[in-house]
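Q: I would like a close look at a single part of this model, with the residues around that part described one after another. Please take care to keep to what the coordinates support.

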Amino acid sequence: MFELHFIIKVYNLIKASLFFWLYLCKGFVVYGFIPALCGVVTVIDAIRKDRKENEVSVRELYRESYAQYQHLTLFSFFVSIFLILSYVSLYFVNATETNTSTLLVTIILLYLLAIFIVIVSYSIYFIVFLKKQPKQALIYGFLTSVKNIFVSIILLAILYGLFYIATINLLLFIVSFPTVYGYAIVALLGKVKRVEVK
């Protein structure tokens with residue numbers, strides 16, 4: 001019986017991943033990025049708390065969660081554009097000959113990108129679980145990520161591992177990224193010492 005429940009949970013997590021990509025495309029990627037991430041975090045939290053006798057409907061829960069956070073399109077647009085511009089900048093900096101200045105620019109861009117990803121991850125937690133607005137969530141996210149630097153490093157290591165998987169097996173990345181990242185937000189950031197700004 002335990003094995004069956006475990007298999008159902010894994011199946012639900014895989015469905016949550018697939019719905020993430022579906023709703024990401026539905027929001028034209030740029031506008032759907034944050035609502036899709038908030039949706040997957042909400043669904044994973046529900047699956048994690050689920051009991052054997054009360055199975056969740058992933059499709060319905062994801063649809064409701066995405067609709068609940070669909071108003072975050074502007075925030076999603078800015079986050080997506082920053083990520084895209086950072087990646088494009090890294091690509092063009094490294095497309096030229098490698099010298100001291102390009103190495104320095106690459107290090108600075110990677111550092112800024114890492115900080116931004118961590119702050120956005122914390123912000124998603126604050127938006128979903130503490131119902132903060134994006135501006136407040138970014139402030140809380142920045143302060144809390146600095147206060148919990150070890151957790152932030154673990155989160156970055158998980159993301160690095162996921163992107164490394166993408167270079168080896170893209171299909172495995174597609175199935176695992178949303179669930180592993182969402183689970184990291186739920187499990188890791190749920191236990192951090194939060195900074196409350198008065």
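The request is narrowed below to one helix pair, and the answer then works outward from there.

Q: At what angle do helix H5 and helix H7 pack, which residues make the contact, and where does Leu189 lie in the chain?

A: The model is predicted, and what follows should be read as a description of that prediction. Helix H5, which covers residues 100–129, packs against helix H7, residues 149–168, at an angle of about 105°, and the two axes are 10 Å apart. Because angles of 65 to 115 degrees count as roughly perpendicular, H5 is described as roughly perpendicular to H7. On the H5 side the contact is made by Ala114, Ile117, Val118, Ser121 and Tyr122, while H7 contributes Val151, Ser152, Leu155, Leu156 and Leu159. Sorted by character, the residues of this contact comprise eight nonpolar and two polar ones, with no charged residue among them.

Leu189 belongs to helix H8, which spans residues 170–189, and its contacts reach residues of both helices of this pair. Once neighbours within four places in sequence are set aside, Leu189 is in contact with Ser121, Tyr122, Tyr125, Val151, Ala184 and Arg194. Of these, Ser121 and Tyr122 are also on the H5 side of the helix contact, and Val151 is on the H7 side. Leu189 has a relative accessible area of 0%, and it therefore counts as buried, the limit being under 20%. A further relation to H7 can be given as a distance: the C-alpha atoms of Leu189 and Leu155 are separated by 9.1 Å, although the two residues stand 34 residues apart along the chain.

Another pair of residues from H7 and H8 can be set beside that one. Ile154 is in helix H7, and its C-alpha lies 8.7 Å from that of Leu188, with the two positions 34 residues apart in sequence. Ile154 has a relative accessibility of 28% and so counts as partly exposed, whereas Leu189 is buried. Elsewhere in H8 is Leu172, which is partly exposed at 44% relative accessible area; the C-alpha atoms of Leu172 and Leu143 are 33 Å apart in space, with a sequence separation of 29 residues.

The wider setting is the largest nonpolar core, which has 46 residues and in which Phe20, Ile34, Cys38, Val40, Tyr62, Ile124 and Tyr181 have the most contacts. H5, H7 and H8 each supply at least two residues of this core, as do helix H1 (2–26), helix H2 (33–49), helix H3 (58–68), helix H4 (73–95) and helix H6 (134–147). The helix that gives the most to the core is H2, with ten residues. Cys38 touches Tyr69, Leu72, Ile124, Ile127 and Val128 when residues up to four places away in sequence are not counted, and Ile124 is likewise one of the residues with the most contacts inside the core. By contrast, Val10 of helix H1 is partly exposed, with a relative accessible area of 33%, and its C-alpha is separated from that of Ile124 by 23 Å, the two being 114 residues apart along the chain.

Ser76, in helix H4, is a polar residue to consider beside these: its relative accessibility is 0%, so Ser76 counts as buried. The side chain of Ser76 reaches the backbone oxygen of Val30 at 2.8 Å. Not counting residues up to four places away in sequence, Ser76 touches Val30, Tyr31, Gly32, Phe33, Ile34 and Pro35, and Ile34 is among the residues with the most contacts in the core.

Two loop residues deserve a note on backbone geometry. Most residues other than glycine have a negative phi. Phe28, in the loop between H1 and H2, has a phi near 55°, which is positive in a residue other than glycine, and at 69% relative accessibility Phe28 counts as exposed. Lys131, found in the loop between H5 and H6, also has a positive phi, near 55°.

Terms used:
Residues are numbered from 1 along each chain as its sequence is written. This is a predicted model: local features need pLDDT of at least 70, side-chain atom pairs count only at pLDDT 80 or more; totals for chains, interfaces and linings use all residues. Side-chain values use heavy atoms; hydrogens and water are left out. Helices (H or I, at least four residues) and strands (E, at least two) are DSSP runs, numbered from the N terminus. Buried means under 20% relative accessible area, exposed over 50%, partly exposed in between (1.4 Å probe, protein chains only). Contact means heavy atoms within 4.5 Å. Axes are lines fitted to C-alpha atoms, for helices over the stretch in contact, and angles run from 0 to 180 degrees between N-to-C directions. Angles under 35 degrees count as roughly parallel, over 145 as roughly antiparallel, 65 to 115 as roughly perpendicular and the rest as oblique. Ala, Val, Leu, Ile, Met, Phe, Trp, Tyr, Cys and Pro count as nonpolar, Asp, Glu, Lys and Arg as charged, and the others, Gly among them, as polar. A nonpolar core is a set of buried Ala, Val, Leu, Ile, Met, Phe, Trp, Tyr and Cys residues joined through side-chain atoms within 4.5 Å. A polar contact is a pair of N or O atoms within 3.5 Å; within protein, one must be able to donate a hydrogen and the other to accept it, and residues adjacent in sequence count only if both atoms are side-chain atoms.
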